[in-house]
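Biologist: Could we go through this structure together, one question at a time? Please give the cut-off behind each term when it first comes up.

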Amino acid sequence: MDRDLKVYPASAHWGTYQVLVDGDRVVGVRPDPADPAPSPIIENTPEAQHHPSRVARPAVRRRWLRNGPGPDDRRGAPDDEYVAVDWETVLDLLAGEFDRVRTAFGNAAIYGGSYGWASAGRLHHSQSQLHRFLKLIGGYTRSKNTYSHAAVEVLVPHVVGARGAHDLLERPATWEAIAKHTDLIVTFGGLRISNTWTSSGGRAINTAEPDMRSASEAGVRTVSISPLRDDTLADIGAEWLPAAPGTDTAIMLALMYVLFDEGLADLAFLDRYTVGAHVLRRYVMGETDGIAKSPEWAADLCELSAGTLRDLARRMASGRTLINVGWSVQRARYGEQPLWAGIALAACLGQIGLPGGGFATGYGSTGRHGGGATPGGLPRMPQGANPIDSFIPVARVADMLLHPGESYDFDGERRTYPDIRMVVWSGGNPFHHHQNLARLTRAFGRPDTVVVVETHWTATARHADIVLPSTSTLERDDLTAGRGDLRLRAMPQAVPPHGEARDEYDIYAALARRLGTEQEFTEGRTSGEWLRHIYEQWRERQPEDVPDFDAFWAAGSIDIPGRVGDETTFGDFRTDPDAHPLQTPSGRIELFSETIESFEYGDCPGHPVWLPSEERFGTQRAQRWPLLMIANQPSGRLHSQQDMGAHSRSQKITDRAPLRVHPDDAADRGLRNGDVVKVVNDIGSCLAGVEISEELRRGVVQLSTGAWYDPSAPGVATCVHGNPNVLARDIGTSALSQGTTAQHILVEVKKYEATPPPVRAFDPPELAALEPEDSPRT
């Protein structure tokens with residue numbers, strides 16, 4: 001290059017890479033030389049860093065300034081007016097509002113949900129900074145569990161105990177162990193490579209793809225049960241079983257039927273290591289309800305032949321088999337059931353606790369799964385305790401805002417939604433994660449005040465009364481590593497802050513000063529001093545000698561000591577279940593749970609069962625909306641982050657998210673590649689661009705999540721950019737977990753004949769000047 005560019009190391013949830021800087025601007029990126037499989041998502045960085053959608057100044061909604069706090073159905077309106085204010089004014093306004101709400105309604109009236117991936121940094125992590133601040137001013141209502149795998153988090157501890165659930169998520173067998181010990185992987189939901197490009201905190205190097213290839217070369221065979229062929233690498237010889245979506249539990253029950261019927265089930269394992277196997281067996285064989293869960297029964301549901309299912313069961317019993325249930329599978333109505341059935345199927349095979357065998361959930365769902373563990377922990381900003389014991393399941397945020405005081409069920413408790421008067425969101429985007437976005441907009445109209453601290457004018461920021469500009473990852477010093485990572489990396493500042501953006505730490509320190517808790521929040525340290533402090537605290541906990549902070553920062557990275565690989569989940573339990581019992585009431589794997597049975601939930605009884613969702617083929621609902629849409633994770637970005645970047649935009653069709661359609665379904669509707677279509681059901685509608693593909697089964701369309709919500713032309717569609725969550729019903733997995741169910745959505749697709757409206761998702765609001773009648777309260 002002719003220009004004299006500076007090169008800075010950078011880390012994000014999609015890995016470690018380098019940014020090229022010319023003056024004050026990021027002009028390019030390139031992979032880290034050590035990364036064998038760098039993510040193409042890094043290409044989004046330059047454009048996103050300096051995009052016009054960056055929040056440059058503090059802004060306040062004019063209606064909030066003039067009318068004061070209170071419910072407002074105009075939040076989120078495309079033509080809503082915002083006023084630019086200076087930092088001192090906005091901080092005074094915000095401190096006054098915190099005081100008003102906590103004095104008049106109590107701290108439980110403040111919802112500090114702030115759910116999302118935010119920065120990969122260990123210090124400048126948006127939610128962590130906000131939650132520390134909120135705890136120190138008296139507490140807040142929090143969210144619990146995740147959109148990613150809420151059913152795993154709630155159900156699995158009942159079945160294998162809290163420690164067992166933790167090990168399944170955080171300490172599964174490494175891919176090296178799978179290559180060494182496993183004969184067959186049967187994965188429900190595939191092993192999608194693009195999902196492995198991302199992990200919380202990022203990976204020093206992306207190892208999942210080369211590890212999968214190494215396992216294949218070592219002789220590990222893979223059966224992928226998914227409506228999408230390319231949910232698993234094409235060149236590892238995976239066998240694709242294109243089952244009807246939402247029928248995974250029926251398939252697993254049929255496989256168990258074969259094991260019991262043909263004497264292939266490990267009855268000795270079931271007797272020693274589980275409770276409730278006799279209850280499960282009676283159900284599977286049809287003794288409970290008169291319906292044998294045979295391959296012939298399942299074949300009508302899953303649209304795989306009975307012979308295919310019998311053959312698969314026999315193959316699974318003939319060698320070391322690992323059953324993987326991807327997180328996508330449980331993000332659907334009754335999502336607990338395929339998880340529980342998967343554990344039960346692995347128990348029937350008798351391989352739980354053997355190297356490379358048993359049950360797993362997460363391979364192909366995130367880059368860290370199968371990448372080892374870091375028993376020495378990672379540096380972290382201390383959070384403290386929340387004085388308020390008020391929470392909701394994360395995916396029930398709209399219910400909470402719309403129905404304060406109403407009761408709901410969750411994990412055996414009858415709880416009540418709090419009356420939220422103030423919502424504070426920092427570094428997250430519910431208008432990406434949540435279901436039925438028109439309903440979420442109505443919900444965001446209910447609080448008195450909504451505050452968002454953000455880098456960009458996301459849809460969530462456009463629903464806020466007060467918007468504060470925060471720095472991006474490239475505009476501050478930090479350090480990072482993900483769980484199970486190889487190296488701790490320095491993240492030096494590469495460019496100056498955008499406009500008037502400030503670090504979240506400095507924003508909350510200034511608010512804490514106004515609310516009388518500055519010393520407690522800062523402990524007398526600047527953010528730079530905190531960075532050194534959390535590193536040195538971590539260093540003291542390590543089992544091996546670690547360089548001091550100055551040496552680490554100069555080197556740019558250090559290997560993480562104590563990294564553990566070749567894990568055998570439940571190995572100690574298998575060796576001696578009496579000496580190493582599970583943290584369940586019985587100390588065993590609970591194929592029947594008296595605890596869950598006692599909850600009397602019709603949508604989650606005491607053992608795994610077939611519960612047919614309405615969002616599947618063959619239902620009354622499908623008669624009107626005949627195509628089943630898979631709303632999976634995108635390959636062009638992490639969730640909705642940097643959707644305006646070059647790699648994400650390269651996948652768009654006429655500026656809209658791509659909708660993959662099977663050739664036969666496209667022909668039935670007269671669709672061609674590149675057409676703009678309207679995807680519609682009784683919940684909402686969106687525009688998308690057609691991509692005809694044979695990589696999915698007939699009757700299924702695929703529209704990945706993450707296109708920024710764009711309601712700018714409501715007369716045309718709920719979203720004109722292609723966000724699938726406008727079509728998803730806002731209903732939980734079950735009363736047990738209350739997780740999201742947005743993976744499977746019945747729709748119809750029609751060609752949009754008119755000229756489509758422009759996409760305005762990335763157009764920031766024009767900030768008006770403060771006028772005398774705005775009269776901000778200080």
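Biologist: Which residue with a positive phi follows α4?

Modeller: This is a predicted model, in which local features need pLDDT of at least 70 and side-chain atom pairs count only at pLDDT 80 or more, while totals for chains, interfaces and linings use all residues. Residues are numbered from 1 along each chain as its sequence is written, and side-chain values use heavy atoms, with hydrogens and water left out. Helices (H or I, at least four residues) and strands (E, at least two) are DSSP runs numbered from the N terminus, and α4 covers residues 126-136. The residue that follows α4, with a phi near 120°, is Gly-138.

Biologist: How many of the 11 residues of helix α4 are buried?

Modeller: Buried means under 20% relative accessible area, exposed over 50% and partly exposed in between, with a 1.4 Å probe and protein chains only. The buried residues of α4 include Leu-130, His-131, Arg-132 and Phe-133, and the buried residues of this helix pack against elements including α3 (87-104), β17 (422-426) and α20 (527-541), where contact means heavy atoms within 4.5 Å. The helix is mostly covered, and the number of its residues that are buried is 10.

Biologist: Which helix gives the largest share of the largest nonpolar core?

Modeller: A nonpolar core is a set of buried Ala, Val, Leu, Ile, Met, Phe, Trp, Tyr and Cys residues joined through side-chain atoms within 4.5 Å. The largest one has 132 residues, of which Met-256, Ile-589, Leu-659 and Val-679 touch the most other members. With 11 residues, the largest share of this core comes from helix α8 (residues 248-261).

Biologist: How many residues does the other core, which includes Leu-130 and Phe-521, have?

Modeller: That core lies apart from the largest one, and Leu-468 and Leu-511 are also among its members. Leu-130 is one of the buried residues of α4. The number of residues in this other core is 52.

Biologist: How many residues apart in sequence are the parts that the pair of Trp-708 and Phe-762 ties together?

Modeller: Rings of Phe, Tyr and Trp (its six-membered ring) pair if their centres lie within 6.5 Å, and planes under 30 degrees apart count as stacked, over 60 as edge-to-face and the rest as tilted. The structure holds 23 such pairs, and Trp-708 and Phe-762 form a tilted one, at 5.0 Å centre to centre and 50° between the planes. Trp-708 is buried at a relative accessible area of 5%, and Phe-762 is buried at 15%. Because Trp-708 lies in the loop between β28 (700-702) and β29 (744-751) and Phe-762 in the loop between β29 and β30 (767-768), the separation in sequence of the parts tied together is 54 residues.

Biologist: Over the ring of which residue does the charged end of Arg-415 sit?

Modeller: A charge sits over a ring if NZ of Lys or CZ of Arg is within 6 Å of the ring centre and within 35 degrees of the ring normal. Lys-293 lies over the face of Tyr-283, at 3.8 Å from the ring centre. For Arg-415, at 3.8 Å from the ring centre, the residue is Phe-391.

Biologist: Thr-460 is in the loop between β18 and β19; what is its relative accessible area?

Modeller: Thr-460 touches Gly-428, Asn-429, Pro-430, Phe-431, Phe-444 and Val-452, not counting residues up to four places away in sequence. Two of these, Phe-431 and Phe-444, belong to a cluster of linked ring pairs together with Tyr-111, Trp-425 and Tyr-709. Thr-460 is buried, with a relative accessible area of 1%.
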